[in-house]
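Student: I should like to learn how to read the main features of this structure. May we begin with its interior?

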Amino acid sequence: MLTNASQAILRNIDLITNQSVLVLNYEGDTLPKALLDTAATVSALALDFHHHLIMQPHACSKLKLYFGHQLPNEDSFDSVIVYFPKSKALAPYLFNLAAKHLKPQGQLIVVGENKSGIKSLPKQLPDYFDAAFKADNARHCIVYTSELNQTAPAIKLQDWCSQYPLQTPQGEITICNMVGVFSEKRLDEGTKLLLDNLPTMRGKVLDFGCGAGVITAALLKAQPQLKMACVDINAMALLSCELTLKANNLNAEVFASDGLAQTTHQYDGIISNPPFHDGFASTTDITTEFVANSKERLTKGGLFHIVANRHLPYSECIAEHFGSVNVSAENNRYKIYSNIKR
């Protein structure tokens, strides 16, 4: 089933007839494969690892698939399709990336749901593109087109990264946050409560939904003997985490995982400020599955330690899998759940 945005693209598939096409930030469907009915070749870069896994079985000589914050090559294309991101701050980065891979006078196609902020595109488009033209308005989405009219600036990661010192109970750490990453310019309240109540941990510890690596950096600052692993589904978050670790001279394993599916070790601790958004919808499905799988990934005596919004119904799920619910700290918005695997 194609998303509304992908259906809107297919309504305008004649725009890419016999062209080489790059798709950036595609959604959780198989639109890149469907484009091959008209396009000559398609390359697709997913910033969401789950979306990459959906497409992966369809890779072939005419369909190249990548996951990350940029392509591993300098290929150029006749057209680039950009899915407008839910974080507006990420959009200029995607436009710059698109421009670097477009041929001169190449075509930019941008699609997004009305509620995504796509209506602001004409004001957001950099001056190395022509003025945006509204090509279609359907499926609660808008499709804009434009043309590359001059060479875009080189992408320098430091231009897209905010770096700031953060005072924590564990000491000062430097945070590096790429555009579009959760809590980009300041520490969110949930993580702050978690840092104020960090437990003593041992052995191998997994930071699930690591984001910019704040929790891992604080833990390693206080407990440098820990062997940390950091996982996230978002390419920009994983890059942010790597940059944060480097800025603080810390070491940890950082890799993409769809939930815990790509983790292979047993862990002595799992710590998290877990995500509860999927696209534009709030859902507890991610965390419900995470709680269930966490028990399987923990060693006996391993610690499960997460912070969550008070209004989200995690207690029942934690009680079901761990046999009890232990709230070790809370405030008017968040609770910290801390359970040991028996």
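Tutor: In soluble globular proteins, nonpolar side chains tend to be buried together. Here the largest nonpolar core has 40 residues, and V82, F95 and F129 have the most contacts inside it. A nonpolar core is a set of buried Ala, Val, Leu, Ile, Met, Phe, Trp, Tyr and Cys residues joined through side-chain atoms within 4.5 Å. Buried means under 20% relative accessible area, exposed over 50%, and partly exposed in between (1.4 Å probe, protein chains only). This is a predicted model: local features need pLDDT of at least 70, side-chain atom pairs count only at pLDDT 80 or more, and totals for chains, interfaces and linings use all residues. Residues are numbered from 1 along each chain as its sequence is written, and side-chain values use heavy atoms, with hydrogens and water left out.

Student: Which helix or strand gives the most to this core?

Tutor: That is α4, with seven residues. Helices (H or I, at least four residues) and strands (E, at least two) are DSSP runs, numbered from the N terminus. Not counting residues up to four places away in sequence, F95 touches V82, F84, V110, L121, Q124, L125, P126, Y128 and F129; contact means heavy atoms within 4.5 Å.

Student: Where is A132 found, and is A132 buried or partly exposed?

Tutor: A132 is found in the loop between α5 (121-124) and β6 (133-138). A132 is partly exposed, at a relative accessible area of 24%. Among the residues that A132 touches, leaving out those up to four places away in sequence, are L121, L125 and Y144.

Student: How many disulfides does the structure hold?

Tutor: A disulfide is a pair of cysteine sulfur atoms within 2.5 Å. The structure holds zero. For C210, the closest cysteine sulfur, in C241, is 4.0 Å away, too far for a bond. C241 is in no disulfide either, the nearest cysteine sulfur, that of C230, being 3.8 Å away. C210 counts as buried at 7% relative accessibility, and C241 is buried at 0%.

Student: How is empty space found, and what lines the second largest pocket?

Tutor: Rolling a probe the size of a water molecule over the atoms shows where empty space is left. A pocket is an open set of points on a 1 Å grid over the protein atoms alone, where a 1.4 Å probe fits, with protein on both sides within 12 Å along at least five of seven lines; lining residues have an atom within 4 Å of a point. Q70, L71, N73, E74, L97, K100, H101, A154 and I155 line the second largest pocket.
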